[in-house]
Amino acid sequence: MSEKLKLISHKLCPYVQRAVISLTEKGVPFERIDIDLDNKPDWFLKISPLGKVPVLQVGDKVVFESAVILEYLEETQPKPLHPKDPLTRAEHRAWMEFGSAVLADIWGLETATDEAAFNVKVKQATEKFARLELRLVAAPWFDGESFSLVDAVFAPVFRYFDTFDEIGDFGILADKPKIARWRKSLRERPSVVAAVNAEYPALLRAFMKKHRSYLSQLDQRAAA
Ligand SMILES: N[C@@H](CCC(=O)N[C@@H](CS)C(=O)NCC(=O)O)C(=O)O
């Protein structure tokens, strides 16, 4: 019998979550091993060329980069999450890249050091979600009736915003009814629930406090 797959993980990482969603959708047994990214263990640094999660351990080999892990799972595991038609598949891959660009904007919101940089990121993220709203068709999923890897990529993005909302999402997702419907379907999907553990909201809030550079400067100024 082949060895169980191991996914090296961090509890908050959206790139890990997309891999967990794919593994869960496909019904593949795997072991999730959470590590502390502020204090990376030596065994992890030995197997992760970029020092980043996720890493998928397959026997004595490793696959890194979430997009590559997703493609590997498509090639080796049941229940395809990519569409069959090559052109539609290319379009899906492009929107998965777009999902990663959105994550880069979110990271920019966390780390902006002044108001101007922060506002640029709000604007970029708002524009990207407006483009996504134009592309969406019928609910429940990105492509209509079939759950796909684009759904796996965006589910963690929206789970992030679920926590963000409580503090104010700066209008990034406002007035986008198709996104709102898609987001609700994703939030209830069992694989998404499995990927985002119960501690996630509390951990994410703590993470935001630590990293939201410009906003914490504002807080400090208000408190002074
Ligand atoms: N392009 C990578 C991004 C992975 C990534 O940025 N992971 C973050 C956590 S969400 C990480 O491991 N950061 C640790 C570090 O950069 O030191 C992928 O898609 O797998």
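**View 1. The loop that holds Glu65 in this predicted model****.** Between strand β4, which spans 61-64, and helix α3, which spans 66-76, there is a loop, and Glu65 is found in it. Although Glu65 is not a glycine, its phi is positive, at about 75°. Glu65 also belongs to the set of residues that surround the ligand, and Ser66 is listed there as well.

**View 2. The cis peptide bond between Val53 and Pro54****.** Val53 and Pro54 are joined by a cis peptide bond, for which omega is about 5°. Pro54 is found in the loop that runs between helix α2 (42-47) and strand β3 (55-58). Both Val53 and Pro54 are among the residues that surround the ligand, as are Gly51 and Lys52.

**View 3. The shell of residues around the ligand****.** In addition to the residues named in the two views above, the ligand is surrounded by Cys13, Pro14, Tyr15, Leu37 and Lys40. When the residues of this shell are divided by type, six are nonpolar, two are polar and three are charged. The space that the ligand takes is the largest pocket.

**View 4. Polar side-chain atoms beside oxygen atoms of the ligand****.** A polar side-chain atom of Lys40 lies 2.5 Å from an oxygen atom of the ligand, while for Lys52 the corresponding distance from a polar side-chain atom to a ligand oxygen atom is 3.3 Å. Ser66 likewise places a polar side-chain atom 2.6 Å from an oxygen atom of the ligand. Of the 520 Å² of accessible area that the ligand has on its own, the protein covers 72%.

**View 5. The span from residue 3 to residue 81****.** An unreviewed UniProt entry lists residues 3-81 as "domain: GST N-terminal". This span is 38% helix and 23% strand, and its end C-alpha atoms lie 23 Å apart.

Terms used
Residues are numbered from 1 along each chain as its sequence is written. This is a predicted model: local features need pLDDT of at least 70, side-chain atom pairs count only at pLDDT 80 or more; totals for chains, interfaces and linings use all residues. Side-chain values use heavy atoms; hydrogens and water are left out. A residue is near a molecule or strand if one of its heavy atoms lies within 4 Å of it. A polar contact is a pair of N or O atoms within 3.5 Å; within protein, one must be able to donate a hydrogen and the other to accept it, and residues adjacent in sequence count only if both atoms are side-chain atoms. Accessible areas come from the Shrake-Rupley method with a 1.4 Å probe; for residues, only the protein chains shown count as cover. On a 1 Å grid over the protein atoms alone, a cavity is a set of points where a 1.4 Å probe fits but cannot get out, and a pocket is an open set with protein on both sides within 12 Å along at least five of seven lines; lining residues have an atom within 4 Å of a point. A molecule sits in a cavity or pocket if more than half of its atoms lie within 2 Å of its grid points. Ala, Val, Leu, Ile, Met, Phe, Trp, Tyr, Cys and Pro count as nonpolar, Asp, Glu, Lys and Arg as charged, and the others, Gly among them, as polar. UniProt positions are given in the numbering used here, feature names are shortened, and annotations may be inferred rather than shown by experiment. Helices (H or I, at least four residues) and strands (E, at least two) are DSSP runs, numbered from the N terminus.
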